[in-house]
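Me: I have a model open on my screen and would like to learn how to read it. Could you take me through it feature by feature?

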Amino acid sequence: MKFDEGTATDHAIAKAYVAFLVKRRCDDSHAARAEFCVAEDVAPKLLYSNPHIAGIASLFAAQTNVERVAEMTVREYLRYHYYYIHQAYKYGIPEMQQTWRGHHIIKSPADCWAYQELIFATKPDIVLELGVMFGGASVFFADILELVGHGEVLGIDISLANLRHKPKKGGRITYLEGDSGSQKILDEVDRRCRGKNVLVIADSDHEKEHVLKEIRLYSRFVKPGGYYVVEDTLNDLMGFHPVPNEGPLAAARAFLAENDGFEIDRRLPEKYLMSLSPEGFLRRKGGKA
Ligand SMILES: C[S@@+](CC[C@H](N)C(=O)[O-])C[C@H]1O[C@@H](n2cnc3c(N)ncnc32)[C@H](O)[C@@H]1O
């Protein structure tokens, strides 16, 4: 690979890191970086701020794809997907990010398919999206609702500064800016969602306390037979960085322990094995199965 920027120290560290990954036959990951820093006595800051790290990540993504795809375990695939596609925007490789009609979306293709099935089956009046970031997922949900011929997206984000599209006036998407844990947002959601068939997709702050607070606040809008999806539960299991590893899954389990009105639906997303939200699709008991 070409090293055409950075200092001589950056070049040396980047080359040593590539050699380390090749020797260990492992991908770039938080664990590999930590191990490398200890083995080579490199300050982590020098590796993380290294201008070549994005190039290294994409190089190893390509090698993983071409050389090892047939031998990959589901765990390896999920790790590959998480670091090189799901989090590509963080690694400075936006061309790897999943897109829907050109809009960046931070999900997995298998989960998007599960959402399409879920929306078609439950025909929600409102998809309440907690955490929208670039807004690509909102466009995806709105397009599926358009195909169904019914429903709107209500997207909440603490900051809409990263939004990369403008919702069309009179279209199916509305955004509200604010903390999903605040009374102000809850009141506004209540005003718009009360009595409606709401599908909640929680993908904002992934700290356990926040995720749990959201479920307690917003699960009331889900009707029997409807769903509350806690996203990124896989991170608790896989130890993926940087999402908290006592986060969404721990929150979902804590909620189920205190509320027996919901149950986990494993059939829908987990049949694809590739879900980033195992045990995260919570179905409100009652209604049609
Ligand atoms: C992972 S991104 C959402 C990605 C999006 N759902 C998608 O699939 O493309 C998380 C978003 O949650 C937002 N967020 C973080 N804390 C929040 C909070 N307390 N209330 C509302 N949004 C929050 C962040 O600003 C960020 O845009």
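Me: Which residue stands opposite V200 in β7?

Reply: A general idea to begin with: strands of a sheet pair through backbone hydrogen bonds, either parallel or antiparallel. In this predicted model, the residue facing V200 is Y228 in β7. Strand β6 (residues 198–202) runs parallel to β7, and three bridges join the two.

Me: In which sense do β7 and β9 pair?

Reply: Here the pairing is antiparallel: β7 (residues 227–230) and β9 (residues 281–284) are linked over three bridges. You can find Y227 standing opposite R283 in β9.

Me: Which way do the residues of β7 point, and are they buried or exposed?

Reply: In a regular strand the side chains alternate between the two faces of the sheet. In β7, Y227 and V229 point one way while Y228 and V230 point the other way, and all are buried.

Me: What is the order of strands in the sheet?

Reply: Read across, the order is β5-β4-β3-β6-β7-β9-β8, an open sheet of seven strands with mixed pairing. The edges are β5 (173–177) and β8 (262–264), each with a single partner strand, so one side of each has no neighbour in the sheet. On average, neighbouring strands of this sheet are turned by 20° against each other, direction ignored.

Me: How does β3 pair with β4?

Reply: Strand β3 (residues 126–130) pairs with β4 in the parallel sense, over five bridges. One position to click on is L128, whose bridge partner in β4 is L154. Five of the six residues of β4 are buried, so the strand is largely enclosed by the rest of the structure.

Me: Now the ligand. Which residues come nearest?

Reply: There are 22 residues around the ligand, and G131, M133, A137, S204 and D205 come nearest. Two elements give two or more residues to this shell, α8 (136–148) and β4 (152–157). By character, the shell divides into eight nonpolar, eight polar and six charged residues.

Me: Let's try a helix. Why do the buried residues of α12 line one face?

Reply: An α-helix has 3.6 residues a turn, so residues three or four places apart point the same way. In α12 (residues 248–258), the buried residues are P248, L249, A251, A252 and F255. Seen down the axis of α12, they fall within an arc of 160°, so they line one face of the helix. On the other side of α12, A257 and E258 are exposed. The cover over the buried residues includes α10 (208–218), β7, α11 (234–238) and β9.

Me: What is there to notice about phi of K123 and of L273?

Reply: Most residues other than glycine have a negative phi, and most peptide bonds are trans. For K123, phi is near 45°, a positive value in a residue other than glycine. K123 lies in the loop between α7 (109–122) and β3, and is partly exposed, with 14 other C-beta atoms within 10 Å. For L273, phi is also positive, near 65°. L273 sits in the loop between α13 (267–270) and β9 and is exposed, with 11 other C-beta atoms within 10 Å.

Me: One more loop residue: where does V42 lie?

Reply: Look in the loop between α2 (30–40) and α3 (44–48). V42 counts as partly exposed, with 19 C-beta neighbours inside 10 Å. The C-alpha atoms of V42 and I13 are separated by 7.9 Å, although the two residues are 29 residues apart along the chain.

Definitions and conventions:
Residues are numbered from 1 along each chain as its sequence is written. This is a predicted model: local features need pLDDT of at least 70, side-chain atom pairs count only at pLDDT 80 or more; totals for chains, interfaces and linings use all residues. Two strands pair if DSSP finds at least two bridges between them. Helices (H or I, at least four residues) and strands (E, at least two) are DSSP runs, numbered from the N terminus. Axes are lines fitted to C-alpha atoms, for helices over the stretch in contact, and angles run from 0 to 180 degrees between N-to-C directions. A residue is near a molecule or strand if its C-beta atom, placed from the backbone, lies within 6 Å of it. Ala, Val, Leu, Ile, Met, Phe, Trp, Tyr, Cys and Pro count as nonpolar, Asp, Glu, Lys and Arg as charged, and the others, Gly among them, as polar. A residue is buried if 20 or more other C-beta atoms lie within 10 Å of its own, exposed if 12 or fewer, and partly exposed in between; C-beta atoms are placed from the backbone. The arc is that of the directions from the helix axis to the C-beta atoms. Two residues are in contact if their C-beta atoms, placed from the backbone, lie within 7 Å.
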